[in-house]
Amino acid sequence: VALPALPLFPPVNPSTPSKPVEPEEPDTPVIPGALPFVDVSANDWFYEDVAYVYAQGIMTGSTATSFAPNDAMTRAMVWTVLGRMSGENVEGGTPWYALAQAWAVSDGVSDGTDPDGSITREQLATMLWRYAGSPTYTADLSGYVDTADISSWAEQAMCWAVATGVIEGDENSALTPKASTTRAQAAAMLMRAIEL
């Protein structure tokens, strides 16, 4: 028995497969063990803060293998960090902080004085506040035992920092505005300010 002839269909070219959608990368991947610093461990309270600022390229180590989390943060270091955050080229000046210093003064973030001086918590809060555009904030600081220690020029910045969570009091409900800021504390404040 002869089979009926099958109808002829023109060949169809296969379509080009569509490109798969690239998954979005997290803003700042925090990979345990990825930090090159021997003095920052995953158990430290500041680990995620340091990992964040390091991944963002905002803060580097004091050496290739040391972050020096308990060392005091200097004013020049803060100018450099804020300059990097703003996308400025602040590397390669003489002295090393010269370009960051010039940027900080021209941008109104700092007066550019005392580059080697340790930055206090109220000074760092003020520079971050100016960097954020000097927003007007009110905050109830009466729950802190040392609000009288806040300098008058830093009051608005400290209100902003407390209201937004950029700065927190210690276990004794003290803001310690005139205490020197460690590099670990600075990393924490920077991360909180960036995440606002």
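What covers the buried residues of α6? Keep that question in mind while the whole chain is on screen, remembering that this is a predicted model.

Begin with the protein in cartoon view, where six helices and zero strands appear, following one another along the sequence in the pattern α-α-α-α-α-α. Of the 196 residues, 39% are buried, and if you switch on a surface, about 11,500 Å² is exposed, with carbon and sulfur atoms supplying 53% of it. Among contacts between residues at least 6 apart in sequence, 67% join residues at least 24 apart.

Next, select residues 183-194, which form helix α6. The end C-alpha atoms of α6 lie 16 Å apart, in agreement with the 16 Å that its 12 residues should span at 1.5 Å a residue. This helix is mostly covered, with nine of its 12 residues buried; the buried set consists of Arg183, Ala184, Ala186, Ala187, Ala188, Met189, Leu190, Met191 and Ala193. To answer the opening question, add α1, α2 (75-85) and α4 (121-131) to the selection, since the cover over these buried residues includes all three helices.

Now keep α6 and show α1, residues 47-55, beside it: the two axes come within 8 Å and cross at roughly 65°, and the crossing is left-handed. Turn on side chains here, and you will find Glu48, Asp49, Val50, Tyr52 and Val53 of α1 meeting Ala187, Ala188, Leu190, Met191 and Ile194 of α6. The residues of this contact divide into eight nonpolar, no polar and two charged.

Key
Residues are numbered from 1 along each chain as its sequence is written. This is a predicted model: local features need pLDDT of at least 70, side-chain atom pairs count only at pLDDT 80 or more; totals for chains, interfaces and linings use all residues. Side-chain values use heavy atoms; hydrogens and water are left out. Axes are lines fitted to C-alpha atoms, for helices over the stretch in contact, and angles run from 0 to 180 degrees between N-to-C directions. Helices (H or I, at least four residues) and strands (E, at least two) are DSSP runs, numbered from the N terminus. A crossing is left-handed if the near helix is turned anticlockwise from the far one by less than a right angle, and right-handed if clockwise. Contact means heavy atoms within 4.5 Å. Ala, Val, Leu, Ile, Met, Phe, Trp, Tyr, Cys and Pro count as nonpolar, Asp, Glu, Lys and Arg as charged, and the others, Gly among them, as polar. The expected span of a helix is 1.5 Å times one less than its number of residues. Buried means under 20% relative accessible area, exposed over 50%, partly exposed in between (1.4 Å probe, protein chains only). Accessible areas come from the Shrake-Rupley method with a 1.4 Å probe; for residues, only the protein chains shown count as cover.
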